[in-house]
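User: I am new to this structure and would like a close look at a single part of it. Please start with one site, explain each term as it comes up, and then show how the surroundings fit into the whole.

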Amino acid sequence: MIFRQLFDPESSTYTYLLADSQSRQAVIVDPVREHARRDLGLLAELELKLVHILETHVHADHVTGASALKKISGAQTGVSQHCGASGFDQLLDDGDVLAFGGQSMLVISTPGHTPGSSCFLWHDRLITGDTLLIGGCGRTDFQQGDAGTLYDSITRRLFTLPDDTLVYPGHDYRGRRVSTIAEEKATNPRLAGKTRNQFIEIMANLDLPMPGKIGEAVSANLLGGNVDG
Ligand SMILES: [Fe+2]
């Protein structure tokens, strides 16, 4: 079992590399365009063959590296069918199982941050994108976000997983890398002990600035990063 957590300091995005140590087949989740060379270098160094390039959702704060990685590796790109995206090889839905070598990863649909947000469960670890962050969650004030739907996704789908499931988020702005379902249930200030209505109230009053790259990022990511052909 091979697992790497990679970081983009500009957008505080985490990219994940997962691989089957026997067949050397690999999956990358949420690559960032500016780090395609780094990611390809790591794949070569570890002697891995990339077979899936996945997005947890259509990102608003960075452009995906999917197109650049696909050009070199020939891997299949995938994103939720509920994103309204085109230019991907696979459109995923809840319950889909992605195989790589002897490994398989489960797709869990978790709408709320965006309608097509998904989490990926592999062994004891959950890649949550922006659905569940360490001590937080993705915002719901653009990209057809919906706070009540996000609350339902987190509490009904993620908080029902085993307590010791590792939570690997799509971002962290304070240098934290991993949490657990038990820790988020107990300490996440937006969710611990909060009703659905209280959560909706919190999310309605975050007053966050728009991401600097939102225009460029969303339009490019809806095309799988295929902005230059
Ligand atoms: Fe996001």
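Analyst: The iron site

The iron ion is held by three residues, His57 and His113, each through NE2, and Asp130 through OD, at 2.1 to 2.3 Å. Read along the chain, these donors (N, O and S atoms within 2.8 Å of the metal, or 3.2 Å for Na, K and Ca; water is not among the atoms, so a site may look incomplete) are spaced as H-x55-H-x16-D. Because histidine 57 belongs to the loop between strand 4 (49-54) and helix 2 (66-73), while aspartate 130 belongs to the loop between strand 10 (125-129) and helix 3 (147-158), the pair ties together parts that are 73 residues apart in sequence. Helices (H or I, at least four residues) and strands (E, at least two) are DSSP runs, numbered from the N terminus.

Before going further, please note that this is a predicted model, in which local features need pLDDT of at least 70 and side-chain atom pairs count only at pLDDT 80 or more, whereas totals for chains, interfaces and linings use all residues. Residues are numbered from 1 along each chain as its sequence is written, and side-chain values use heavy atoms, with hydrogens and water left out.

Are histidine 57 and aspartate 130 buried or exposed? Histidine 57 is buried, with a relative accessible area of 2%, and aspartate 130 also counts as buried, at 9% relative accessibility. Here buried means under 20% relative accessible area and exposed means over 50%, with partly exposed in between (1.4 Å probe, protein chains only).

Beside aspartate 130

Cysteine 137 leads outward from the site, since among its contacts (heavy atoms within 4.5 Å), leaving aside neighbours within four places in sequence, are Asp130, Thr131, Leu150, Ile154, Arg190, Phe199 and Met203. Cysteine 137 is placed in the loop between strand 10 and helix 3, and its relative accessible area of 5% makes it buried. Its C-alpha lies 8.8 Å from that of leucine 150, which is 13 residues away in sequence.

A reader may wonder about the cysteines, as a disulfide is a covalent bond between the sulfur atoms of two cysteines. With a disulfide taken as a pair of cysteine sulfur atoms within 2.5 Å, the count is zero. Cysteine 83 is in no disulfide, and the nearest cysteine sulfur, that of cysteine 119, is 12 Å away. For cysteine 137, too, the closest cysteine sulfur is in cysteine 119, and at 12 Å it is too far for a bond. Cysteine 83 is buried, with a relative accessible area of 16%.

The aromatic rings

Elsewhere, the structure holds eight aromatic pairs (rings of Phe, Tyr and Trp, the last by its six-membered ring, with centres within 6.5 Å; planes under 30 degrees apart count as stacked, over 60 as edge-to-face and the rest as tilted). One of them joins phenylalanine 3 and tyrosine 16 in a stacked arrangement, 5.8 Å centre to centre with 25° between the planes. As phenylalanine 3 is in strand 1 (residues 2-8) and tyrosine 16 is in strand 2 (residues 13-19), this pair ties together parts that are 13 residues apart in sequence. Phenylalanine 3 also forms a stacked pair with tryptophan 122, at 6.4 Å centre to centre and 25° between the planes. That second pair links distant parts of the chain, for phenylalanine 3 is in strand 1 and tryptophan 122 in strand 9 (residues 118-122), 119 residues apart.

By relative accessibility, phenylalanine 3 at 16%, tyrosine 16 at 0% and tryptophan 122 at 1% count as buried. Ring pairs link Phe3, Phe7, Tyr14, Tyr16, Phe100, Trp122 and Tyr168 into a cluster. In addition, the charged end of arginine 125 sits over the ring of phenylalanine 3, 4.7 Å from its centre; the rule is that NZ of Lys or CZ of Arg is within 6 Å of the ring centre and within 35 degrees of the ring normal.

The chain as a whole

The chain contains six helices and 12 strands. Its radius of gyration (taken over C-alpha atoms) is 16 Å, close to the 17 Å that the globule rule (2.2 Å times the number of residues to the power 0.38) gives for 229 residues, so the chain is as compact as a globular protein of that length. The C-alpha trace spans about 45 × 35 × 30 Å along its principal axes, and buried residues make up 55% of the 229 residues. Of the contacts between residues at least 6 apart in sequence, 62% join residues at least 24 apart.
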